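The exercises below ask you to read a protein model step by step, with a worked solution after each task. Please keep the sequence and the structure in view while you work through them.

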Amino acid sequence: PELKSLADTYDSVFLHPKFYECACLAVGSVLQLVDKVVSAEIQNGLAVVRPPGHHAYWEKMNGYSMFNNLAIAANYAKQNHGVERILIVDWDVHHGQSLQYIFEDDSSILYFSIHRYEHGEFWPHLPESDSQAVGIGRGEGYNINIPWNKIGMGDADYIT
């Protein structure tokens with residue numbers, strides 16, 4: 001009943017009884033990947049995890065995301081491995097607004113997002129999801145949004 005009550009406060013969200021456990025496993029797997037790549041145990045890696053994470057704020061879940069896996073991983077890499085520069089490529093139908101907000105004033109992280117926008121009519125319906133949002137303060141120029149204002153984009157659109 002508690003999960004149902006929490007889920008009802010969000011639009012179109014169902015919280016499975018194992019949601020928290022799955023979210024912990026997802027972020028933990030991303031941190032393990034960071035450790036393996038930074039220590040050169042492996043050359044590169046790709047974490048395909050659910051729930052995705054790029055909508056979660058530091059202090060609350062949002063948009064199917066309990067933890068912001070990439071924000072946690074980026075800070076982990078900086079604090080535990082001395083990584084000084086990080087590129088985050090967020091290729092999703094939705095803009096990862098929380099990743100942008102978390103790092104918008106951080107010049108050590110370049111956030112690049114390509115997402116459906118439809119002139120702000122597509123969720124999350126934010127002007128900050130448009131191309132004019134380039135970061136603030138020290139992070140100005142370290143936020144790049146590629147907002148698509150039409151649907152049905154194909155390979156040629158991605159290449160250009």
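Two strands are said to pair if DSSP finds at least two bridges between them, and helices (H or I, at least four residues) and strands (E, at least two) are DSSP runs, numbered from the N terminus. The model is predicted, so local features need pLDDT of at least 70 and side-chain atom pairs count only at pLDDT 80 or more, whereas totals for chains, interfaces and linings use all residues. Residues are numbered from 1 along each chain as its sequence is written, and side-chain values use heavy atoms, with hydrogens and water left out.

**Exercise 1. Describe the sheet, and find the bridge partners of Val 89 and Ile 88 in strand 2.**

Solution. Begin with the general rule that strands of a sheet pair through backbone hydrogen bonds, either parallel or antiparallel. Here 3 strands form an open sheet in the order 1-2-3, and the pairing is parallel. Strand 1 and strand 3 (143-148) are the edge strands, each pairing on one side only. From one strand to the next, the twist averages 5° (axes are lines fitted to C-alpha atoms, for helices over the stretch in contact, and angles run from 0 to 180 degrees between N-to-C directions).

Next, take the pairing of strand 1 with strand 2 (residues 109-116), which is parallel and runs over 6 bridges. Within strand 2, Phe 112 stands opposite Val 89, and Tyr 111 is the bridge partner of Ile 88.

**Exercise 2. Which residues of strand 1 lie on its covered face and which on its uncovered face, and which residues form the nonpolar patch on the surface?**

Solution. In a regular strand the side chains alternate between the two faces of the sheet. In strand 1, the covered face holds Ile 86, Ile 88 and Asp 90, while Leu 87, Val 89 and Trp 91 make up the uncovered one.

The second step is to turn to the surface, where Leu 87, Val 89, Trp 91 and Tyr 158 form a nonpolar patch with about 470 Å² of accessible area together. Patches are made of residues with over 30% relative accessible area and no salt bridge; like charges are joined within 9 Å, and nonpolar side chains (Val, Leu, Ile, Met, Phe, Trp, Tyr) within 5 Å. The areas come from the Shrake-Rupley method with a 1.4 Å probe, and for residues only the protein chains shown count as cover. Strand 1 (residues 86-91) gives the most to this patch, with 3 residues. Trp 91 has a relative accessible area of 60% and is therefore exposed, given that buried means under 20%, exposed over 50%, and partly exposed in between (1.4 Å probe, protein chains only).

**Exercise 3. How many aromatic pairs does the structure hold, and what is the geometry of the pair formed by Tyr 20 and Phe 67?**

Solution. The structure holds 2 aromatic pairs. Rings of Phe, Tyr and Trp (its six-membered ring) pair if their centres lie within 6.5 Å; planes under 30 degrees apart count as stacked, over 60 as edge-to-face and the rest as tilted. The ring centres of Tyr 20 and Phe 67 are 6.1 Å apart and their planes stand at 65°, so this pair is edge-to-face. It links distant parts of the chain, with Tyr 20 in helix 2 (residues 19-38) and Phe 67 in the loop between helix 2 and helix 3 (69-81), 47 residues apart. Tyr 20 counts as exposed because its relative accessibility is 53%, whereas Phe 67, at 25%, counts as partly exposed.

For the other pair, the rings of Tyr 57 and Tyr 101 have centres 6.2 Å apart and planes at 15°, so the pair is stacked. This pair also links distant parts of the chain: Tyr 57 is in the loop between helix 2 and helix 3, and Tyr 101 is in helix 4 (residues 97-103), 44 residues apart.

**Exercise 4. Locate the salt bridge of Lys 78 and state whether each partner is buried or partly exposed.**

Solution. A salt bridge is a side-chain nitrogen of Lys or Arg within 4 Å of a carboxyl oxygen of Asp or Glu, and the whole structure has 4 of them. Lys 78 forms one with Asp 106, the closest N and O atoms being 2.8 Å apart. The two partners come from distant parts of the chain, Lys 78 from helix 3 and Asp 106 from the loop between helix 4 and strand 2, 28 residues apart. Lys 78 is partly exposed, with a relative accessible area of 25%, whereas Asp 106, at 12% relative accessibility, counts as buried.
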